[in-house]
Amino acid sequence: MTHRQPDFKAKHGDIIEMSRKDGNSHWAVYIGDGDVVHLTPDGASGDKSDQCSSSTKVAVIKREPLAEVTGSDPWQVNNRSDTKYKALPVGKIIKKAKRSIGRKVHYDVPNICEHFVNALRYDIKISYQAKGANFVIDSILTKPLVGVGTFLTFLLRAESYRK
């Protein structure tokens, strides 16, 4: 169930997924009192956090009100990995989240918002968005390159046998 405004209270330690207008999702961990902790571009706040992209070099971990981070975008609790991984105790999730506030981190594809929140909740960096992107990159780039490499190796070996 998605929400435009926080008309229900998420539970402490829940992962919040926000659907952004560009089709991507932004992720945060609910820590109580209407606040979330999330990874956002250096200097950005609120619903500008969807600017995290591969062009962003530095991100900051921030504590902000859920309503400010979601803006007018729909959001939902998304603890989908609970069926696959055991969530850490709520107290530990909150403690890890609060300790990380203010920290600057290098931001790249392996270190995206979804990785960050899953590391807080499950102690495992996983991103279903990144997995999809890696599959596309693998299919489009890697497989043809492997084919070209195999072909070049064949040609080089054939040439060496002729000499």
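**Note on the predicted model: sheet, helices, cavity and pocket**

1. Helix α2 lies across β2 (25-32), β3 and β4, and runs at about 110° to β2. The model is a predicted one, and α2 has the highest mean pLDDT among the elements of the protein chain, at 97.

2. Helix α3 lies across β1 (15-19), β2, β3 and β4. The angle of α3 to β2 is about 30°. Helix α3 spans residues 113-122 and comes up again below, in the points on the cavity and the pocket.

3. The strands under these helices belong to an open sheet of six strands, in the order β5-β1-β2-β3-β4-β6, with antiparallel pairing. β5 (75-77) and β6 are the edge strands; each has a single partner strand, so one side of each has no neighbour in the sheet. From one strand to the next, the twist averages 35°.

4. Two of the strand pairs can be given in detail. Strands β3 (residues 35-41) and β4 (residues 58-65) run antiparallel and are joined by seven bridges. Within this pair, Val37 stands opposite Arg63 in β4, and Val36 stands opposite Glu64 in β4.

5. On the way to the β6 edge, β4 is joined to β6 (residues 104-106) by three bridges, and these two strands also run antiparallel. Here Val60 of the pair stands opposite Lys104 in β6. As background, strands of a sheet pair through backbone hydrogen bonds, either parallel or antiparallel.

6. The structure holds one cavity of 30 Å³ or more. The space in the largest cavity is about 40 Å³. Its lining consists of Ile15, Trp27, Asn78, Asn79, Arg80, Ser81, Glu114, Asn118, Tyr122 and Tyr128. By class, this lining has four nonpolar, four polar and two charged residues. Helix α3 gives the most to the lining of the largest cavity, with three residues.

7. The second largest pocket holds about 180 Å³ of space. Its lining has 11 residues, and those nearest the pocket centre are Ile61, Arg103, Phe116, Ala119 and Lys125. Two elements, α2 (90-100) and α3, give two or more residues to this lining. The largest share, three residues, comes from α3. By class, the lining of the second largest pocket has six nonpolar, two polar and three charged residues.

8. Confidence should be read alongside the points above. The protein chain averages a pLDDT of 76, and 61% of the residues score at least 70. At the other end from α2, helix α4 (residues 128-162) has the lowest mean pLDDT among the elements, at 49. Over residues 133-148 the pLDDT stays under 50, and for that stretch the model has three contacts beyond four places in sequence. Tyr128, one of the residues lining the largest cavity, falls within the residue range of α4.

Notes: Residues are numbered from 1 along each chain as its sequence is written. This is a predicted model: local features need pLDDT of at least 70, side-chain atom pairs count only at pLDDT 80 or more; totals for chains, interfaces and linings use all residues. Side-chain values use heavy atoms; hydrogens and water are left out. Two strands pair if DSSP finds at least two bridges between them. Helices (H or I, at least four residues) and strands (E, at least two) are DSSP runs, numbered from the N terminus. On a 1 Å grid over the protein atoms alone, a cavity is a set of points where a 1.4 Å probe fits but cannot get out, and a pocket is an open set with protein on both sides within 12 Å along at least five of seven lines; lining residues have an atom within 4 Å of a point. Grid points are joined across faces, edges and corners, and a volume is the space filled by probe spheres set on the points. Ala, Val, Leu, Ile, Met, Phe, Trp, Tyr, Cys and Pro count as nonpolar, Asp, Glu, Lys and Arg as charged, and the others, Gly among them, as polar. Axes are lines fitted to C-alpha atoms, for helices over the stretch in contact, and angles run from 0 to 180 degrees between N-to-C directions. Contact means heavy atoms within 4.5 Å. pLDDT is the predictor's confidence in each residue, from 0 to 100.
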